[in-house]
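Trainee: I would like to learn how to read a structure one feature at a time. Could we begin with a single residue and then move outward?

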Amino acid sequence: VVVVKCGGAVPAEAVCADLAGLAGRAVLVHGGGPDIDRLARELGVPARTLVSPSGVTSRHTDPAMLDAVTLALTGRVKPRLLRALAAAGVPAVGLTGLDGGLLLARRKPAQRAVRDGRTVIVRDDHSGRVTGVRPEALRALLGAGFVPVVSPPATGEDGAPVNVDADRAAAAVAGALGADRLVLLTAAPGLLRDARDEATFLDRCALPHEGPVPHAATGGMHRKLVAAREALLAGVPRVSVCDGRVPRPVTAALAGAGTTLE
Ligand code: ADP
């Protein structure tokens with residue numbers, strides 16, 4: 001089984017067409033940052049960022065934003081992917097982490113954030129981290145020859161939706177399924193030593209088992225390295241960050257393109 005995570009800035013059609021030979025053997029995981037931001041603007045929901053005391057940024061998912069996240073992922077991104085998969089002749093079924101308790105998460109009821117130079121306690125954030133995966137629904141769909149298309153939100157401990165990072169969700173799914181590969185497709189050739197210079201592309205990168213991830217990767221790429229480490233620690237033998245903008249992104253990734261994390 002291959003778990004492919006498709007980033008928000010990756011053209012979906014090429015990824016979906018490239019999954020044609022992998023029905024029953026691939027799970028597609030997606031987020032959708034740009035679509036969430038667009039829908040939030042349309043709904044008049046302000047997009048805000050939380051900055052932790054250690055400098056890590058994340059989306060402030062207050063109740064209105066949680067609705068925008070759920071609506072954008074299930075109402076825009078997922079239908080687009082399902083349509084592209086259908087056009088490529090790939091039988092696919094869309095799920096969120098709420099379906100069959102697929103993704104279980106723990107929400108942080110209170111967290112520290114830095115705002116205007118002061119540390120404040122934020123209590124209305126509905127995001128958290130994946131604590132478990134119930135892979136039964138995925139196994140059933142794969143066994144029946146489908147490509148499951150999975151996204152946040154996850155199921156919180158009280159059953160309420162919790163926003164989670166899609167890269168880390170993909171890592172948890174890959175670990176729970178005992179997948180052979182995790183491919184994180186994004187709008188970069190892979191990991192770069194210098195994010196602004198594609199000539200600094202790294203073919204492979206060793207991740208420390210704990211502590212900070214290397215190469216001063218920021219934002220989304222930093223989260224991908226954290227996700228990659230989680231997948232490796234969960235026993236996924238091969239994890240890579242690859243370019244999703246090439247004509248056959250999955251084929252290229254499986255053939256060894258991108259950065260292999262180890
Ligand atoms: P996605 O939507 O694909 O999940 P993000 O946009 O959140 O991805 O994160 C990927 C982005 O991270 C890349 O497109 C790139 O602009 C940025 N980035 C930051 N640091 C690095 C780095 N060291 N190497 C490559 N990309 C980096």
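Trainee: Does Asp18 count as buried or exposed?

Mentor: Before answering, please keep in mind that this is a predicted model. A residue counts as buried when its relative accessible area is under 20%, and Asp18, at 8% relative accessibility, therefore counts as buried. Asp18 is found in helix H1.

Trainee: Which residues does Asp18 touch, not counting residues up to four places away in sequence?

Mentor: Asp18 touches Arg248, Pro249, Val250 and Thr251. With one of these residues, Thr251, the side chain of Asp18 makes a polar contact at 2.7 Å.

Trainee: How should I read a salt bridge, and what is the N to O distance between Asp18 and Arg248?

Mentor: The general idea is that side chains of opposite charge can pair when their charged atoms come close. Here the side chains of Asp18 and Arg248 meet in a salt bridge, with 3.3 Å from N to O. Because Asp18 lies in helix H1 (residues 12-18) and Arg248 in the loop between strand S14 (238-243) and helix H7 (249-254), the pair ties together parts that are 230 residues apart in sequence. As for the surroundings of the two partners, Asp18 is buried, whereas Arg248 counts as exposed at 54% relative accessibility.

Trainee: How many salt bridges does the count come to?

Mentor: The count comes to 15 salt bridges. Another of them joins the side chains of Glu157 and Arg106, at 3.0 Å from N to O. This pair links distant parts of the chain, 51 residues apart, since Glu157 sits in the loop between strand S10 (147-155) and strand S11 (161-162), while Arg106 belongs to strand S6 (residues 103-107). Glu157 is exposed, with a relative accessible area of 61%, and Arg106 is partly exposed, with a relative accessible area of 45%.

Trainee: Which residue forms a salt bridge with Arg204?

Mentor: Arg204 pairs with Glu262, and the closest N and O atoms are 3.2 Å apart. Arg204 lies in strand S13 (residues 204-205) and Glu262 in the segment after strand S15 (259-261), so parts of the chain that are 58 residues apart in sequence are tied together by the pair. Both partners can be read in terms of exposure as before: Arg204 counts as partly exposed at 46% relative accessibility, and Glu262 is partly exposed, with a relative accessible area of 43%.

Trainee: Which residues are linked in a network of salt bridges?

Mentor: Lys5, Asp167 and Lys224 are linked in such a network. Two of these names return when we turn to the ligand, since Lys5 and Lys224 are among the residues that come nearest to the ligand, together with Thr186, Leu192 and Gly220, out of 16 residues around the ligand.

Trainee: What polar atoms of the protein lie beside oxygen atoms of the ligand?

Mentor: A polar side-chain atom of Lys224 lies 2.6 Å from an oxygen atom of the ligand, and an N or O atom in the side chain of Thr186 is 2.7 Å from a ligand oxygen. Ala187 takes part through its backbone, where a polar atom is 3.4 Å from an oxygen atom of the ligand. The protein covers 75% of the 570 Å² of accessible area that the ligand has on its own. Two or more residues of the shell come from each of strand S12 (181-186) and helix H6 (219-233), and H6 gives the most, with three residues. By character, the shell divides into seven nonpolar, six polar and three charged residues.

Trainee: Where is Asn163, and is Asn163 buried or exposed?

Mentor: Asn163 lies in the loop between S11 and helix H5 (166-177), and Asn163 is buried, with a relative accessible area of 10%. Sequence distance and spatial distance should be read side by side: Asn163 and Ser127 are 36 residues apart in sequence and 4.3 Å apart in space, C-alpha to C-alpha. Leaving aside neighbours within four places in sequence, the contacts of Asn163 include Arg59, Thr61, His126, Ser127 and Pro152.

Trainee: What kind of peptide bond joins Pro152 and Pro153?

Mentor: The bond between Pro152 and Pro153 is a cis peptide bond, with omega about 0°, and Pro153 has its place in strand S10.

Technical notes. Residues are numbered from 1 along each chain as its sequence is written. This is a predicted model: local features need pLDDT of at least 70, side-chain atom pairs count only at pLDDT 80 or more; totals for chains, interfaces and linings use all residues. Side-chain values use heavy atoms; hydrogens and water are left out. A residue is near a molecule or strand if one of its heavy atoms lies within 4 Å of it. A polar contact is a pair of N or O atoms within 3.5 Å; within protein, one must be able to donate a hydrogen and the other to accept it, and residues adjacent in sequence count only if both atoms are side-chain atoms. Accessible areas come from the Shrake-Rupley method with a 1.4 Å probe; for residues, only the protein chains shown count as cover. Helices (H or I, at least four residues) and strands (E, at least two) are DSSP runs, numbered from the N terminus. Ala, Val, Leu, Ile, Met, Phe, Trp, Tyr, Cys and Pro count as nonpolar, Asp, Glu, Lys and Arg as charged, and the others, Gly among them, as polar. A salt bridge is a side-chain nitrogen of Lys or Arg within 4 Å of a carboxyl oxygen of Asp or Glu. Buried means under 20% relative accessible area, exposed over 50%, partly exposed in between (1.4 Å probe, protein chains only). Contact means heavy atoms within 4.5 Å.
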